[in-house]
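Dear colleague,

I am handing over the structure below, and after it I set out what was found. Please read the notes with the coordinates open beside them.

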Amino acid sequence: MIENYLNILEESLKKKIEVLKRIHAANEAQTDLLKKESVDLEAFDKTVDEKDLYINELTSLDDGFESLYEKIKQELEGNKERYAVQIKKLQELIKDITDRSVAIQAQEARNKALVETCFKKERQNLGQSRKNSKAAYGYYQNMNNKNVPQSHFMDQKK
């Protein structure tokens, strides 16, 4: 019975590794999008939504793993030598998951910096566009007022 639970835990960890690989790929896609001169915000949003689904899947896997582990924790602690091979395999998978999680966190930090740079550039472009629009509007107003004759002082004496 415990062997079956341990197999389920192992499968859960393997699925988690696959999800982490997909998150890593989505992060790479985001990095590529953010490094372009013109950022495709629609594609960027799509990768964010995709990662959200993966994160929800990870959360579900974690919850299932935790609840199952709690069921067999007592038995495992009491018979470590009996399940040593399976415990070792689970530990290796957990180490792999931890390494991948750290790499993803580093990727996320780099992408955050790229996003901030992108937003800063967009804000500057927006500010420049506003200045250009204001100057064009001022020029337009000025040119429209050129056709209006200037007021002249007229001598009212007869």
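Tyr-69 counts as partly exposed because its relative accessibility is 28%, which falls between the limits of 20% for buried and 50% for exposed. Please keep in mind that this is a predicted model. Phe-65, by contrast, has a relative accessibility of 14% and therefore counts as buried, the cut-off for that class being under 20%.

These two residues belong together in another respect, since both Phe-65 and Tyr-69 lie in helix α2, where they are four residues apart, or about one turn of the helix. A search of the whole structure finds one aromatic pair, and it is formed by the rings of Phe-65 and Tyr-69, whose centres are 6.4 Å apart and whose planes stand at 0°, so the pair is stacked. The cut-offs behind that step are centres within 6.5 Å for a pair and planes under 30 degrees apart for stacking.

Phe-65 and Tyr-69 also appear in the lining of the largest pocket, together with Leu-9, Glu-66, Leu-76, Glu-77, Lys-80, Ile-87, Leu-90, Gln-91 and Ile-94. Two elements, α2 (41–78) and α3 (84–146), are the ones that give two or more residues to this lining, and α2 gives the most, with five residues. By residue class, the lining of the largest pocket divides into seven nonpolar, one polar and three charged residues, and the volume of the pocket is about 230 Å³.

With best regards

How values were computed: Residues are numbered from 1 along each chain as its sequence is written. This is a predicted model: local features need pLDDT of at least 70, side-chain atom pairs count only at pLDDT 80 or more; totals for chains, interfaces and linings use all residues. Side-chain values use heavy atoms; hydrogens and water are left out. On a 1 Å grid over the protein atoms alone, a cavity is a set of points where a 1.4 Å probe fits but cannot get out, and a pocket is an open set with protein on both sides within 12 Å along at least five of seven lines; lining residues have an atom within 4 Å of a point. Grid points are joined across faces, edges and corners, and a volume is the space filled by probe spheres set on the points. Ala, Val, Leu, Ile, Met, Phe, Trp, Tyr, Cys and Pro count as nonpolar, Asp, Glu, Lys and Arg as charged, and the others, Gly among them, as polar. Rings of Phe, Tyr and Trp (its six-membered ring) pair if their centres lie within 6.5 Å; planes under 30 degrees apart count as stacked, over 60 as edge-to-face and the rest as tilted. Buried means under 20% relative accessible area, exposed over 50%, partly exposed in between (1.4 Å probe, protein chains only).
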